[in-house]
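Reader: I'm new to this one. Can you walk me through it?
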Amino acid sequence: MGGAAMTSATVLYQSALDAVSAAVLEGDFDAYLARIDLPYLICTLQASFVLHRPHELEPTFRSTHGALAANGATHYERLAREVVHTRPDRIEGWHFTHIIANGDRVVAPWAARQAIVLRDGLWRFSEAHYPFQTDRLPFTEEVLRQATRPGLVPGEASSCCPADAGPFARRAPVPEARP
């Protein structure tokens, strides 16, 4: 995305994605936690989870970091695609997730949606919507690997978010990620 073409909401969303992605790749739970607003909502295609305390976040964080490390991931990139300011203190967007090991894809990219909120002067993640077929946490490597379809994009429902809800309702479908 070119700098001039990026909206301020996109810049803020991408910056938050970059900070959390780096923390997960590096295994830095404290840096990750600093960018999470509690309670934190996680939606999959089968369930929703509301996490209220830091220790509830740690197993999925450790599992995701472990899967990246076990596969030799050198890059955990999440690239913003469509982002909107829904309120002055809330941004919602969707992005493609890419996991790369020394230039080779570990899995096909997938789309996901997230929301960030401004708390104490920092943009923090308050909810995440993933194209995962699971009804439990923590996410396993198997769950991450099966997320190879386009994912939760504008107009697609998850277990906790109807397709006609939110700022992305009634927008055109997002093209599939190319492997």
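Author: Sure. This is a predicted model. Start with two helices: H1, residues 8–26, and H3, residues 54–70. They pack with their axes 8 Å apart, at an angle of about 70°.

Reader: Is H1 roughly parallel or roughly perpendicular to H3?
Author: Roughly perpendicular, because angles from 65 to 115 degrees count that way.

Reader: Which residues meet there?
Author: From H1, Ala23, Val24, Leu25 and Glu26. On the H3 side they meet Phe61, Thr64, His65 and Leu68.

Reader: How many of those are nonpolar, polar or charged?
Author: The contact of H1 with H3 has five nonpolar residues, two polar and one charged.

Reader: New topic. Where are the cis peptide bonds?
Author: One runs from Leu38 to Pro39, with omega near 0°. Another joins Leu137 and Pro138, with omega about 0°.

Reader: Where do Pro39 and Pro138 sit?
Author: Pro39 is in strand E1, residues 36–43. Pro138 is in a loop, between strand E7 (122–129) and helix H4 (141–145).

Reader: Why point those bonds out?
Author: Because most peptide bonds are trans. Most residues other than glycine also have a negative phi.

Reader: OK, phi then. Which residues have a positive phi although they are not glycine?
Author: Asn102 has one, at about 50°. Asp120 has one too, at about 55°.

Reader: Where is Asn102?
Author: In the loop between strand E4 (90–101) and strand E5 (104–105).

Reader: And Asp120?
Author: Also in a loop, between strand E6 (110–119) and E7.

Reader: Are Asn102 and Asp120 buried or exposed?
Author: Asn102 counts as exposed, because its relative accessibility is 65% and the cut-off is over 50%. Asp120 is exposed as well, with a relative accessible area of 77%.

Reader: What about confidence? What's the mean pLDDT of the chain?
Author: It is 81 for the protein chain, and 78% of the residues reach 70 or more.

Reader: Which elements have the highest and lowest mean pLDDT?
Author: Helix H2, residues 29–34, has the highest, at 98. H4 has the lowest, at 76.

Reader: Where does pLDDT drop below 50?
Author: Over residues 1–5, for one. That stretch has four contacts in the model beyond near neighbours in sequence. Residues 150–179 also stay under 50. For them the model has 73 contacts beyond four places in sequence.

Reader: How should I read low pLDDT parts?
Author: Not in detail, as far as the predicted coordinates go.

Notes. Residues are numbered from 1 along each chain as its sequence is written. This is a predicted model: local features need pLDDT of at least 70, side-chain atom pairs count only at pLDDT 80 or more; totals for chains, interfaces and linings use all residues. Side-chain values use heavy atoms; hydrogens and water are left out. Axes are lines fitted to C-alpha atoms, for helices over the stretch in contact, and angles run from 0 to 180 degrees between N-to-C directions. Helices (H or I, at least four residues) and strands (E, at least two) are DSSP runs, numbered from the N terminus. Angles under 35 degrees count as roughly parallel, over 145 as roughly antiparallel, 65 to 115 as roughly perpendicular and the rest as oblique. Contact means heavy atoms within 4.5 Å. Ala, Val, Leu, Ile, Met, Phe, Trp, Tyr, Cys and Pro count as nonpolar, Asp, Glu, Lys and Arg as charged, and the others, Gly among them, as polar. Buried means under 20% relative accessible area, exposed over 50%, partly exposed in between (1.4 Å probe, protein chains only). pLDDT is the predictor's confidence in each residue, from 0 to 100.
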